[in-house]
Structure formats: C-alpha cells, structure tokens
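User: I have a model open here and would like to talk it through with you. Could you start with the general picture and then go into the details?

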Amino acid sequence: MSDFNIDDKVDITDVVCPTTFVKAKVALEELDDGQILSIRLNDGEPVQNVPRSIKEEGHQILKLLDNEDGTYELIVKKVGD
Amino acid sequence: MAVNYAVLKKGGFMRQKQKNNFSLRLRVVGGNLTAVQLAKIAEVADKFGEGYVHLTSRQSVEIPFIKVDDIDDVKNALAEGDVEPGVCGPRVRTITACQGEAICPSGCIDTYALAKELDDRYFARELPHKFKFGITGCQNNCLKAEENDVGIKGGIKVSWKEDDCIGCGVCAKACRQGAITITDKKISVDSDKCNFCGRCYKACPTDAWNTVHGYIVSFGGLFGNQINKGETIIPFIEDKETLLRICDAAIEFFDKNAKPSERFKFTIDRVGRENFEKVILEAYNE
C-alpha cells in the first residue's frame, strides 16, 4: 500500500449488497477531487461488483490488493467534487 | 353471420369463454409502448372492453371483452394511436426483448433495435406452427432466451490490451467463470471457460480490453406443454449480418421441414440434429 498516499479508509465488510456500494459512495463523497480512498471489502459478490459500480460513478480505480484473509483493499481516486 | 375464428385469431382476436367476446392481443415489439399508444389502449379498453388490460407472459397487451360487432371500430380506434393488433396461431409471434445496453448497465447489445429489425423481417410470417424469438442483452438472461424457438443473447468477446492495463486485478475478481488468470502482470483468458458475459471489461478501470459485441444463439426452446432448453450450435456470432443469415436459415429449415403443429425442437429431433447443424453452419460460413 506504500505506493499510494491514502487520504481515508472505509470498511464495507460489515454490510451486504447494495449497502456495500452505498457505504463506499458516502465515504467518497467526503473526499475532495483527487484524494484517495482505501475500501476494505469482502471476497465474493462485493469484490465482483463494487469496483464496477465505482467505475460507473466516474471514479478511478488504482489497485486491488489481496489482504489474504478473505478481504481486499480497493484503492480509489475520487474524480469530481 | 358466421364468425371466422381462424381469421380473427390470426388478427390477434382471441376467443373468450364468454360467447361473442374476444381478448384482443396487440402488436408490441421488445416490450416497449409509447405514452400515446398506452393512452389509446386505455381509451379503447374503457370504451369497448371492461376498462382493464391483461399483460401477457410474452410482453404483449390484451384487451379482454371486445364484442364481435365492435371489431372494426376497435381496430380503427387503435390505429389512431399507432396501435396494431398482434397475432396468434401458426406464425412468428411477438419478438420479446429486455431493455438491453441502451438502458441497462449489464447489457451487451442493443436488444430493442434488434427486436425492431426482427419484427420488420419476420413478424406474423406464416409457418407450420408458432415460432418465438426472444432477445436478452446479457448472461443475466432476464428475458430467458433459451425458452424461445430462437433465443438471442448478447455477449462480449474480449482480448487483453496490455498497454492500457494497470495490473489492478479487478477483472480476475469480476469474472465469475474463473476464466482469468494473472501471472507476472500478464493476463490470460481461458476461452473454454469464458462465457462472454463482459464483466471483466465492464469492471476494468482503464478499459484495457478490445471487445466485440455479439450474439449467442439457441435453437429449439420450449416452455409450454413440454419443456426444453434451446441449444447453441455456434459459441459466438460476431456480427449482425451473420446473425440474420442464421435466423433466416433456421426459419427456412422450420418452414420447409416442420409438420403442421410441430414445434421447432421436434422438427430438429425428427429431421436430425446433425442435419440442422449443417444448415446453420453453412449459413454461418457463407
């Protein structure tokens, strides 16, 4: 994770679809254009769908890191205010 | 005056249990109706029917309780709102479609445009038995392609664009088929596992995929008295011209070989699947 200067973190492993995306979206709304959010998400449906939903919102995905405990960190750059 | 039920049925008038009452089936393409059409349908249902409509299982609309003496007036009234009667009986039926890529984020093809094109090409064509086309935009299969005589499903064939890839790994997780493996930042797609769902491409942050939007076509589906899942012959059809050639070939095969009241699946079974496959492959390779 040292490649990225993380501005904020959100953990969405405690919720299920569609709240996963909503929680991530709310966290992104708190940030300014260009800031970077790290999203902790579960394997399975969240990792299959949340990156695509974030892309469709117009944000930029930088990396998906495997925490090797059944969770991932999705590193997203906020695009737009 | 004797009522010619066959002619009325062909024109979408379905005989009801109640004597001299007909449920009028309307022509709908791909499940879309305009506001103008809906207003006219409401008006006709109120004036000539019993003030309600029935939504059929295949995206059509029927206006029940139309009286036999009103049939011409009903047709004229509907025409003012760009509404035509549909069909029943041994011919090409309503072309059904989901909303497809014009509306739905999952869609891989423009299902409505294709439904219009198939409707122009085939609707109400006389055949030995009913013949149903259904078009679904993607592997989610909301429109249940394989229950139709010819089912068309949108798909996306992908190939990796290495130069645009940031190696994020999202595609491998988005793939539900386990078709993508990443080794030393190189992506490979197992073509035996890929089902053309397009999720890798849709999830990719940098659109690092070359894509072909195409069609997966199944034949011989049934979902009535007998149930059969339509089967695919060609894994992926890359362009619409080829798709139309294949649809032409399938419908010609049915027209030429089917016995009256024999559904497509049973024609294929009786004439021999290998013979049908030969016809489809010839159209594909033409």
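Analyst: Gladly, and please keep in mind that this is a predicted model. In chain B, 42% of the 286 residues count as buried, and the chain has nine helices and 13 strands.

User: What box do the C-alpha atoms of chain B fill?

Analyst: Taken along the principal axes, the box that the C-alpha atoms of chain B fill is roughly 80 × 45 × 30 Å. As for contacts in chain B between residues at least 6 apart in sequence, 65% of them join residues at least 24 apart.

User: Now B:N228, which strand is that in?

Analyst: B:N228 belongs to strand β12 of chain B, which covers residues 227–228.

User: Buried or exposed, and why?

Analyst: B:N228 is partly exposed, because 18 other C-beta atoms lie within 10 Å, whereas a buried residue would need 20 or more.

User: Which residues is B:N228 in contact with, leaving aside its neighbours within four places in sequence?

Analyst: Those are B:G220, B:G221, B:L222 and B:K265. By contrast, B:V189 is 39 residues from B:N228 along the chain, and their C-alpha atoms are separated by 31 Å.

User: Different topic: how many residues does each chain bring to the contact?

Analyst: Chain A brings 11 residues and chain B brings 10 residues. On the chain A side, α2 (45–56) and β3 (60–66) each supply at least two residues, and the largest share, six residues, comes from α2(A).

User: And by class, what is on that side of chain A?

Analyst: The side of chain A that touches chain B has five nonpolar, four charged and two polar residues.

Key. Residues are numbered from 1 along each chain as its sequence is written. Chains are lettered from A and ligands numbered from 1 in the order in which they are written. This is a predicted model: local features need pLDDT of at least 70, side-chain atom pairs count only at pLDDT 80 or more; totals for chains, interfaces and linings use all residues. Two residues are in contact if their C-beta atoms, placed from the backbone, lie within 7 Å. Helices (H or I, at least four residues) and strands (E, at least two) are DSSP runs, numbered from the N terminus. Ala, Val, Leu, Ile, Met, Phe, Trp, Tyr, Cys and Pro count as nonpolar, Asp, Glu, Lys and Arg as charged, and the others, Gly among them, as polar. A residue is buried if 20 or more other C-beta atoms lie within 10 Å of its own, exposed if 12 or fewer, and partly exposed in between; C-beta atoms are placed from the backbone.
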